[in-house]
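User: I would like to go through the contacts in this structure and ask what each term rests on.

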Amino acid sequence: MVSVDHDLEKYKVDGYIPSKTISPKSPESLADLLRIASENRWNVIPFGFGNMMNIGSIPNGYDIALDLNQIPKYIQHNSEDLTVTCSSNTSFGELNLKLQEKQQWLPFDSPLINDQSVGGLLACNLPGSLNACFGYIRDYVIGMKTATPFGQITKSGGTVVKNVTGFDLTRLHIGALGTLGIITEASFKIIPLPERQIYLRIDNENTNALIDLSSLLNSILQSFGVAELLIDSLGVASIYMTCIGTEKVVNEKLLEIKTILFDHEIDLTLNEIAEKEWLNIQDFGWVNEDDFVLGRINCLPTDTIKILQQINRIVADNKKERIDTLTNSKRGVIKYKINPDNIEDTIQIIENIRDKVKKHSGYTVIENSGTFDKNKLNIWGDIPESFPLMRKLKSEFDPVNILNSGRFIGGI
Amino acid sequence: MVNSSLIKELKKIVGDDYVMHHPDELLVFQYDGSTDKALPDVVVFPKSSEDISSIVKIANRYDQYIIPRGAGTGLSGGAVPMYGGIELVLTRMNSILSIDVENRLALVEPGVVNLDLSKYVASMGLFYAPDPSSQISCTIGGNIAENSGGPHCLKYGVTTNHVLACEIVTENGDIIWLGDKFRNVPGYDLLGGFVGSEGMMGIATKIIVNLLPIPQSVKTHLASFATIDQASFAVSSVISSGLIPSAIEMMDKLTIEAVENVVKCGYPDTAGAVLLIELDGSNEEVSEQSKQIMDICNSLECQDISVAASIEERNALWRGRKGALGALGSLAPNYFLVDGVVPRTKLPETLKTISKISEKIDLPIANVFHAGDGNLHPCILFDEQEPGMAEKVLGAGGEILQACVDVGGTLTGEHGVGFEKKEFMYKIFSNSDLDQMLRLKSSFAPNGRLNPGKVFPGGPKCFDMGNYNTFRS
Ligand SMILES: Cc1cc2nc3c(=O)[nH]c(=O)nc-3n(C[C@H](O)[C@H](O)[C@H](O)COP(=O)(O)OP(=O)(O)OC[C@H]3O[C@@H](n4cnc5c(N)ncnc54)[C@H](O)[C@@H]3O)c2cc1C
């Protein structure tokens, strides 16, 4: 029913090594294990592909690494209904490849998108650029099955695209980092693959010009694309863009962009780039970045550039730490990556940024702390007003607190 | 008998004019268009979140249930006070509090009528996407409680996709915000759990929704088919062709007859079924897609396909669709609307089953529905004065829902479970599934004071629900 793995080192989380690894062979045995863990108050950390384990605060304890990869994988693609159901340990990359065989897709990006399991992608919920055009993963999930700490496999939603039968539990699990239950299956509504998607880049050392331009490009692209502004630690800026739609729409947008660049007061060249380069941008702060701390700011789109400029001032005042930013004024997201030279300085910078963001009613979380000592960081930032409800929810779903204990907001 | 000191306390909060408790006054609040009726003990019309908070605290002291109500168009018994109590009617809280045009946000009170919001922001080039067919009267608060959709949710999604934040009054009278002006804020998506909770987890008192830019171009097609089978096949063909129209609505022969009796909007009387297919987007996109729609429908031997040539023509086509339920009154004194969902490819098969059920019970069933989503609305036409009719109709409704479930569908696409369908929940969910939902409810409203006896099988406090208590730690 289960297999026990002794190679514990690879399941390390925040320096903690589990006492045991268990790889259940079916959702039912997974649920059974959770029940046994509840009875014994073992701290359990579920492991999908293990690429995003840096997210979250330090666990309260780590008795069992629950490797989900031996549960049978499946994808049921109902192409004519534009829906798909898959096991949570399916690779998101493989899922999208399968959908593409029928000219369909799930329009998400996220760091390491092709190396995340579907369950991990849902539990971590780190949206990339495309949500500016297509919405969030929560908007596509139509059903879910989860294993609970009570030893059951439960479902909510279903496999039809419109459904208000019963309360919506799917959204609770999205972004919950596996603290309420372990997702074993997910159903999505999917959409037709666009005729064409292109990727573009503009570089220039005139950072201010590119800041303005990135906002302009975002409004020109409307829902057909999105522009990300990368400013590296030397102050060199690049705009990365994608444009998606019918052949005709993409050509039109391309023409509009070229006209704007042609009329621009500084000389700007537009480079068409490969998808891989665009994906690298999505991986900002997640690939070989052990020496970095990656923070994410969410704010109102209209506040994005104001906050970015304040960060730029912090960057200019600081001589030691290297700070890169990736900004999306359409989504209201800024990611900042600090190369910590001095721990105290880095913490100070993060707190400064947090202060500025708070004044604009935004949020900052540390998405990836690399090898930085998490004890010294406030990973989740300020706790929201509704936190007491979150606590109650956790105690209802996981009464003895076995699932990813301590890793979520406010020590949940 | 209502406690007179309770009435006094309520009047102190909202004023004498806004508390009703004489039986005659209560009659209109016993009903929401479903078959269930029950009188509240008292009806209160609050004006603010603070009023509601005080009322909830009073209800706790007097051990009274609270039943939130918007416009009462729910159709599933959701707003019907089955076990009495204080009905909290939110229609006085109908202000659009602010619009942030740049970020495309609206802050509204729960009693704002759905269509009023879109009308209000139209001059700013914006609209609110969820558009239930009842949008001329239903409220945004009711939409949140039911996670309502509408014809255009095929492209734009339902209420949960457009609500960003909500101030709620909880069961103990606390006022708190869920969500924020943008998505992806840290912590659990409590708002996602709250939307669709049918008034059982809190009362929505302020709501932030996102608005969308009005599309540059809209084209509405009327395609008529000889049979409902052909029309459903056309729906599947459009969906699987890679097009996403903003709406695909279907009306069958009976509905067309009713609409033409009452609304007279030019639907062809020779058709077995018509489809309204609407496209929106940029001019080029829409005209290109329109050609594809024409090609698909023509290749499936539609009798005729035309495009509304003016806004007036488009409005007339939609007037027919949105007035269809009302028009059914021209065919029979009563109708019972069943709200079920099937995978879109199962539409032809399910419509055949519905037609067989109609023959079996010897009552006509009119179909008018959101075909693009597979969201069926078979309307059983009957006369409630005839003895035994109610049981017959409810029985047939149950059979239709079973047929939906049998092909992989579900019990409700937009009207909610309410009181009407709660005993059907076991057709879809196990005790453990329901237990998880109760846990969500319990974290918001552990005492079952808010809108009791809805959604979950059993009595007012869901106590006869299977496992719930045995799993508590
Ligand atoms: C002709 C017709 C067509 C319809 N078409 C559609 C359609 O296309 N799509 C669709 O989704 N629905 C449709 N409906 C159903 C109905 O209109 C929707 O469910 C609508 O959202 C209900 O809004 P309401 O204000 O009437 O709510 P009510 O019926 O008053 O209440 C519905 C539920 O919401 C709760 N509630 C109300 N306000 C609040 C609040 N502020 N906070 C917490 N809980 C609250 C109530 O307790 C109840 O459980 C239709 C109904 C009719 C009569």
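Analyst: Let us begin with the ligand. Helix 5 of chain B gives the largest share of the shell around the ligand, 5 residues. The model is a predicted one.

User: What makes a residue part of the shell around the ligand, and which residues come nearest?

Analyst: A residue is counted if one of its heavy atoms lies within 4 Å of the ligand. There are 35 residues around the ligand, of which Pro68(B), Gly70(B), Thr73(B), Ser134(B) and Thr139(B) come nearest. By class, the shell has 12 nonpolar, 19 polar and 4 charged residues.

User: Why is the approach of Gly70(B) to the ligand called a polar contact?

Analyst: The cut-off for a pair of N or O atoms is 3.5 Å. A polar backbone atom of Gly70(B) is 2.7 Å from an oxygen atom of the ligand, and this pair therefore qualifies as a polar contact. For Gly72(B), the distance from a polar backbone atom to a ligand oxygen is 2.8 Å. With Glu198(B), a backbone N or O atom lies 3.3 Å from an oxygen atom of the ligand, so this pair also meets the limit of 3.5 Å.

User: How much of the ligand does the protein bury?

Analyst: The ligand taken alone exposes 970 Å², and the protein buries 94% of that area. Strand 3 (66-69), helix 5 (140-146) and strand 10 (203-210) of chain B are the elements that give two or more residues to the shell.

User: Turning to the chains, what is the area buried between chain B and chain A?

Analyst: The buried area is about 6200 Å², with carbon and sulfur atoms giving 60% of it. Asn184(B), Tyr188(B) and Gln436(B) lose the most area to chain A within chain B, together 15% of what that side buries. In terms of contact, 82 residues of chain B meet 63 residues of chain A.

User: Why is the pair Lys248(A) and Glu288(B) called a salt bridge?

Analyst: The rule asks for a side-chain nitrogen of Lys or Arg within 4 Å of a carboxyl oxygen of Asp or Glu. The closest N and O atoms of Lys248(A) and Glu288(B) are 4.0 Å apart, so the pair is counted as a salt bridge. Across this interface the rule finds 5 salt bridges, and 19 residue pairs are in polar contact.

User: Which element gives the largest share of the side of chain B that touches chain A?

Analyst: Helix 15 of chain B does, with 11 residues. By class, that side has 33 nonpolar, 30 polar and 19 charged residues.

Definitions and conventions
Residues numbered from 1 in each chain as written. Chains lettered and ligands numbered in written order. Predicted model: local features only at pLDDT ≥ 70, side-chain atom pairs only at ≥ 80, totals over all residues. Heavy atoms only, no water. Contact = heavy atoms within 4.5 Å. Buried area = accessible area lost by both parts, 1.4 Å probe. Polar contact = N/O pair within 3.5 Å; in protein donor to acceptor, adjacent residues only side chain to side chain. Helix = DSSP H or I, 4+ residues; strand = E, 2+ residues; numbered from the N terminus. Nonpolar A, V, L, I, M, F, W, Y, C, P; charged D, E, K, R; others polar. Areas by Shrake-Rupley, 256 points an atom, 1.4 Å probe, with all protein chains shown as cover.
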